[in-house]
Each structure stands twice: as C-alpha cells, then as structure tokens.
Amino acid sequence: MKRKLRMGMVGGGKDAFIGAVHRIAAFMDGKIELVCGAFSINPEISRQSAAELFVAPDRVYADYEEMITKESQLPEGERMDFLTVVTPNFLHFAPAKMALENGFDVVIEKPMTVTLEEAKELKAVVEKTGRTLCLTHTYSGYPMVKQAKAMVKEGHLGKIRKIVVEYPQGWLSRLSEREGNAGAAWRADPKKSGLSLVMGDIGTHAAHLAEYVSGLKITELCADLSTLVEGRVLDDDGSVLLRFDNGAKGVLMASQISAGEENAVRIRIYGEKGGLEWANEDPNNLIVKMLDQPRQLYRTGNAYNAPYTLSSFATHNTRIPAGHPEGLLEAFANIYRNFAATASAKREGRTPSPEELDFPTVDDGVRGMAFVQNVVASNASNEKWTKFEM
Ligand code: NAD
C-alpha cells in the first residue's frame, strides 16, 4: 500500500481496557492510522476520547450503525478501511457483520461472538464478502510461540502425545462485579458475556494456543466448571480433559479465582522425542527439552546458527535484537501487522506470504465458540466424553 490503512473503532474509549492496547499495537509499525470511532457507550466519553486521540470531531459517531453508514458514503480516499471491534462480547457480532457487508475489513476481539450460531453466520458473511477478519488471540502473536509451532510442524518432537495448557488469573477472586468494576460486571452477566464466563474470557485463548502450537484439533472433551465465588451467576473456574485428532491427550485449566495469579498462561507440549514449554510471564524464552539431552533455551531475536536456527515465522515477528525484551504489546502488534499486510495485499491483488497470513481468523473464532458450547454441554452431561461438535 502507498498509504496507511485507515482504522475505525467501536469501543475502546477512555472507559475501556483493551482498546488502548489495540491502538498501541496498530500504530507500532507506522502502517495504520485511526480516523473515526464510536468509542464508548457514553457519548461524552466517546467525544473526549476522540479529542485526546486527535480524531476529527465530524468522524466521531453516535453508534456503530451511524459510523458504518456514514463512512461508506465518504470518498474511497477518505473512508476507513477496517473496523476494530473492542466492545463487550454481546456487541461483537452486529458491528462486525455490518462492517463486512459494507465492504470493510474487521479486527475483532475474542470470544468472537456470544453464540456458536452467530460465529457461523459471521464466517458465512466473511466468505460471501471476501473481506478479511482478524481475531485477536494475543498469545499466538509471540515469536517464541511461533517458534514452538514451527518446531512441532518440522517434526522435532516426533508425534505429539500430550498437551498441557493453563490460564490462571486471580482478578475475580472477589465478587468484583458487584463492587463497581464495569469490566467484571458485563463479563459476569450471561446476556453480555455468553454461556461461560471463564471459558469465553480466557478458556478460548488457552484452547486456541493448544491448537495453534500443536496444529492439532480437539475432537472430544470432558469438562468440570465451577462457580467458586458465592453470589456469582456464571462459572469462574474450569478444568477440561482433551482428546486431539492424532490421538494425543491434553489438559486445559482456565481459572479466574487463582488468587495471586496475574496472567500465568503456560503451554507444555510433549512428543515422542521431546517437549517444549512457553510461558506468558517469561515470553522471550522457549524451553526445549529433548529426551536424553540437556535442556536448551531458545531466545527471541537471537541469530542462532544451524541446527538451532529460529524459524522464519519467529524472525518475521521479532523487531529488535536479542536481549531487548519484547512483550505483549509487540505480540499484539504482530497480529495487526500481519492482518494489515494481508488486507493490503488483497487490495493490491498480491498474494500474501505465509508469514503475513499467520494471524487468527474467523475459523478460529468459530472453533472458539464451539469450544465454549462443548465445554458447557460436557459439564452438564453425565457422559464422560463429549464429542467436539461444530
Ligand atoms: P471494557 O469494559 O474495559 O471496555 C468496553 C468498551 O466498550 C468501553 O469503552 C465501553 O464504553 C464500550 N462500549 C460498550 N457498549 C458500547 C456501544 N454500544 N457502542 C460503543 N462502545 C461501547 O472491556 P475490555 O476489557 O476492553 O474488553 C472488550 C473486549 O475485548 C471483550 O470482548 C474482551 O473479551 C476482549 N478482551 C480481550 C483481551 C485479549 O487478550 N485479547 C484482553 C481484554 C479484553
């Protein structure tokens, strides 16, 4: 592209958490600019947020419907190219669908929708319109997660036998939804959050990470969901046994009452010949444990010689030399950069490279919603195993 991609936002005002992270990520590589938004449920906060972000007052809209309608009517050289959807879960589907149907690409938060039906409908809209949809499963943006995926794909571990993925947090150890925490309040409301709090909010990240790194698909599961904080309506803790399509077994833990934990995402994956371990709290390290060999530590950005080279997927997603830590903001920016490169390539009639195409899509969103639905069904069932229905 000979110009920056133009971004619009629904949600992400001064009253929000993740919207600001999206902007940092989108702007990191200088290829995206913010041109419009309906930034908040509160019009005054939306206006204030826009002013602080230097968005022109006539591009601040009352709601996403007005934004998409009016942006569609602007000349091609002015209107937004894509819409970022960073509202609570129940407000993902409608703006994303309307944006796609009006010719805009979409970046959307997880869980992609509130129901599996909505997710499938969104996939059908993506296929019909030919537009690009990017789902922000943050952890898949880290270079060392991409290195792990490449090492599994290249067969370094042999056939995969076991996957253990964890996402413990402690921030919902109290009844925060009744103590004025707006982010906790909508998450704890089934109408706004979905069938499951813990699985929608963080279980989808863990399930995506397991399938992304291993290249395998979950085929059956056995789930135990709990509400451990008295007075809460939805679940806040879950353990799931997994079976994968190559016969591998797995364990997924997602918990928001793990008091004292921050975002302790971790994945361990074991094959016939060795294992890998990656943790969000130490994201520039990938621990490689080969059978009968000393442990090795792969580090982001290092110029290793063969046979220890970093994959093109890891290096493509690394910005600075080793020893200068990269973190969540860079991982998030990788998702934006790959999405922007793919969206631009499509507009120019160019085929994106495999590295540029490496970001979560609508298919991951459908699998995420199927995961939530299947976990809830399994928890309610007396059968030991529930087939992963799509
Ligand atoms: P939040 O409650 O902090 O912010 C929500 C924002 O949406 C606020 O600005 C609010 O005013 C706005 N909003 C609500 N209704 C609106 C409407 N009708 N029109 C315009 N704006 C509206 O929530 P959050 O923590 O930022 O989460 C937003 C989404 O991002 C959720 O789906 C959540 O699951 C997801 N999320 C993802 C990650 C990640 O790691 N990828 C991290 C945090 C949150």
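Start with the hidden spaces: this structure holds two cavities of 30 Å³ or more. Keep in mind as you click around that you're looking at a predicted model.

**Stop 1: the largest cavity**

Select H137, T204, A207, H208, E211, I218, D364, R367, G368, F371 and F388, and you have the lining of the largest cavity. The space inside has a volume of about 80 Å³. Which elements give two or more residues to this lining? They are α9 and α12. You'll meet both of them again on this tour.

**Stop 2: helix α12**

Now select residues 362-380, which make up helix α12. This helix has 19 residues, and from its first C-alpha to its last it reaches 27 Å, close to the 27 Å expected at 1.5 Å a residue. Try colouring its buried residues: V362, G365, V366, R367, G368, M369, A370, F371, V372, N374, V375 and S378. R367, G368 and F371 are among those buried residues, and R367, G368 and F371 also line the largest cavity you just left. As you look down the helix, remember that an α-helix has 3.6 residues a turn, so residues three or four places apart point the same way.

**Stop 3: the largest pocket**

Next, go for an open space. The largest pocket contains about 1300 Å³. Its lining takes in 47 residues, so don't try to pick them one by one; select F17, V86, P88, W186 and R187, which lie nearest its centre. Then show β1 (5-11), α1, α7 (182-187), α9 (197-214) and α11 (328-348), each of which supplies at least two residues of the lining. Which element gives the most? That's α7, with five residues.

**Stop 4: a nonpolar patch on the surface**

Move to the outside and select I24, M28, L328 and L329: together they make a nonpolar surface patch of about 280 Å². Zoom in on M28, in the loop between α1 (18-27) and β2 (32-38). Is M28 buried, partly exposed or exposed? It counts as partly exposed, because its relative accessibility is 31%, and the partly exposed range runs between under 20% for buried and over 50% for exposed.

**Stop 5: a loop residue tucked away**

Finish at L234, in the loop between β7 (218-226) and β8 (237-244). Being in a loop doesn't put this one on show: L234 is buried, with a relative accessible area of 7%. Add P190 to your selection and draw a distance between the two C-alpha atoms. L234 and P190 are 44 residues apart along the chain, yet their C-alpha atoms are separated by 6.8 Å.

Notes
Residues numbered from 1 in each chain as written. Predicted model: local features only at pLDDT ≥ 70, side-chain atom pairs only at ≥ 80, totals over all residues. Heavy atoms only, no water. Helix = DSSP H or I, 4+ residues; strand = E, 2+ residues; numbered from the N terminus. Expected span 1.5 Å × (residues − 1). Buried < 20%, exposed > 50% of the residue type's maximum accessible area, 1.4 Å probe, protein only. Patch = residues over 30% accessible without salt bridge, like charges linked within 9 Å, V, L, I, M, F, W, Y side chains within 5 Å. Areas by Shrake-Rupley, 256 points an atom, 1.4 Å probe, with all protein chains shown as cover. Salt bridge = Lys/Arg side-chain N within 4 Å of Asp/Glu carboxyl O. 1 Å grid on protein atoms, 1.4 Å probe; cavity = no way out; pocket = protein on both sides within 12 Å on 5 of 7 lines; lining within 4 Å. Points joined across faces, edges and corners; volume = space filled by probe spheres on them.
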